[in-house]
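Work through these short exercises with the structure open. Each task is followed by a solution in steps.

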Amino acid sequence: MSTLDLVRALGHEELLAVHDRASGLRAFVAIHDTTLGPAVGGTRMRDYPSLDQAAADALRLSRAMTYKAAVAGVARGGGKAVIVGEPARDKTRELLAAYARLLDRLGGRFHSGPDMGFDLRDVAVVARLTRHMTHVPAGARLDVADLTAMGVLESIRTAARALGSDIAGLGVALQGLGQVGFRLARRLRDEGARLTVADVDAGRVERAAGELGAAVVAAEAIYDVEAAVFSPNAEGGILHGATIPRLRCRAVVGAANEQLAAPEDGDRLHEKGILYAPDYVVNAGGLLSLLYEIGEADEEGVVARVRGIGPRLGEIFDRARSEGIAPHRVADRVAEARLAAARAAHRPRGEEGYR
Ligand code: NAI
């Protein structure tokens with residue numbers, strides 16, 4: 001599908017393509033839906049094989065943000081930025097400054113934060129140049145990645161309960177030991193889970209083995225590990241026809257955005273008897289940290305909201321069970337119902353007769 005067809009198919013409001021010659025910044029900013037409020041979403045930096053793939057990533061991830069905010073009850077819309085380039089090679093000060101100017105030009109229509117390849121240090125640099133980048137004030141105890149990890153942990157607790165188990169002694173196969181994955185691994189270890197980990201970065205794997213006593217497998221072998229929970233915390237699009245038949249877990253619960261290659265893959269998991277925790281429900285912890293920044297909650301309030309992700313996921317599992325459908329379908333319905341209600345409320349009075 002062409003990029004513009006995808007814009008239409010996913011229902012976006014806007015896709016911005018930027019090329020800043022002086023700094024070499026090449027970026028896409030996708031704004032999916034601002035019915036609930038201005039768009040928010042992380043910034044991802046990756047060396048994409050093509051510009052079309054970069055645009056598609058921004059489009060898919062921004063739609064997931066709309067759904068994430070709707071389900072989490074945050075009055076914000078969905079957006080996402082992707083910067084095309086190899087982080088270690090291309091992330092210069094000039095590039096970050098050009099990116100800050102881009103956020104300024106959007107004038108608050110889009111507010112961003114960290115994601116893969118764009119860590120808290122980069123966030124801090126950009127936040128010095130624009131108001132439209134997440135900025136946790138110095139001295140705050142909140143850390144976006146840790147709040148995300150906390151939400152994943154609570155989701156794993158809910159999934160474990162649904163399987164008649166607990167985190168102590170639970171086998172977890174964890175893919176990706178980055179900002180979120182490592183923090184999650186530490187929390188799981190602290191609660192007595194049995195960890196098997198994989199990452200394409202050998203240094204991170206060594207650290208997890210040394211510091212956390214985790215068992216290690218090669219990156220590609222993580223799908224074959226027998227464990228109650230498979231926790232994807234790296235790339236998206238990893239659950240599909242080639243990986244699902246290999247899974248030997250009873251539940252999939254992780255932070256990675258857009259884990260299902262297609263919605264049908266969620267049905268495939270359901271048919272195989274694997275409980276799939278919808279990614280955008282599980283990984284809303286980072287988004288909830290925004291409530292602190294905009295003064296809608298104090299630190300304790302944000303933590304309480306993040307802990308609430310577990311019970312919210314439990315309700316989705318319950319509804320999926322009683323309706324006999326997969327949990328990701330239930331989550332989509334919850335999000336779409338909230339968006340439809342907000343759209344109906346926004347329609348100006350006296351204009352009901354028009355299409
Ligand atoms: P990160 O870039 O810090 O970590 C990703 C890790 O995955 C790295 O260690 C990388 O080496 C590893 N990795 C990449 N490909 C892999 C593969 N094929 N097999 C095994 N390991 C692989 O990224 P971060 O921020 O931890 O994000 C992880 C996921 O969680 C992403 O999908 C992101 O969109 C999502 N997420 C992150 C949030 C945050 O607060 N950072 C919030 C919500 C979602």
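**Exercise 1.** List what Arg44 touches, leaving out residues up to four places away in sequence. Then place Arg44 in its strand and decide whether Arg44 is buried or exposed.

*Solution.*
Step 1. Note first that this is a predicted model.
Step 2. Collect the neighbours. Arg44 touches Asp57, Leu61, Ala81, Val82, Ile83, Asp115, Met116 and Asn257.
Step 3. Find the strand. Arg44 sits in β3, which covers residues 39-46.
Step 4. Check the accessibility. The relative accessible area of Arg44 is 3%. Buried means under 20%, so Arg44 is buried.
Step 5. Look for a polar partner. The side chains of Arg44 and Asp57 form a polar contact of 3.2 Å.

**Exercise 2.** Locate Lys80. Which residue's side chain makes a polar contact with the side chain of Lys80?

*Solution.*
Step 1. Lys80 belongs to strand β4, residues 77-84.
Step 2. Its relative accessible area is 2%. The cut-off for buried is under 20%, so Lys80 is buried.
Step 3. List the contacts, again without residues up to four places away in sequence. Lys80 touches Phe28, Val29, Ala30, Gly42, Ala58, Leu61, Ser62, Phe110, Asp115 and Asn257.
Step 4. Pick out the polar partner. The side chain of Asp115 makes a polar contact with the side chain of Lys80, at 3.2 Å.
Step 5. Add a distance along the way. Pro263 is 183 residues from Lys80 along the chain, and their C-alpha atoms are 20 Å apart.

**Exercise 3.** Describe how helix α4 packs with helix α5. Is the crossing left-handed or right-handed?

*Solution.*
Step 1. Mark the helices. α4 spans residues 93-106 and α5 spans residues 120-127.
Step 2. Read the geometry. The angle is about 60° and the axes are 9 Å apart.
Step 3. Classify the angle. The two helices are therefore oblique to each other.
Step 4. Give the hand. α4 passes α5 in a right-handed crossing.
Step 5. Name the contact residues. α4 supplies Leu96, Tyr99, Ala100 and Leu103, while α5 supplies Asp122, Val125 and Val126.
Step 6. Sort them. Six are nonpolar, none is polar and one is charged.

How values were computed: Residues are numbered from 1 along each chain as its sequence is written. This is a predicted model: local features need pLDDT of at least 70, side-chain atom pairs count only at pLDDT 80 or more; totals for chains, interfaces and linings use all residues. Side-chain values use heavy atoms; hydrogens and water are left out. Axes are lines fitted to C-alpha atoms, for helices over the stretch in contact, and angles run from 0 to 180 degrees between N-to-C directions. Helices (H or I, at least four residues) and strands (E, at least two) are DSSP runs, numbered from the N terminus. Angles under 35 degrees count as roughly parallel, over 145 as roughly antiparallel, 65 to 115 as roughly perpendicular and the rest as oblique. A crossing is left-handed if the near helix is turned anticlockwise from the far one by less than a right angle, and right-handed if clockwise. Contact means heavy atoms within 4.5 Å. Ala, Val, Leu, Ile, Met, Phe, Trp, Tyr, Cys and Pro count as nonpolar, Asp, Glu, Lys and Arg as charged, and the others, Gly among them, as polar. Buried means under 20% relative accessible area, exposed over 50%, partly exposed in between (1.4 Å probe, protein chains only). A polar contact is a pair of N or O atoms within 3.5 Å; within protein, one must be able to donate a hydrogen and the other to accept it, and residues adjacent in sequence count only if both atoms are side-chain atoms.
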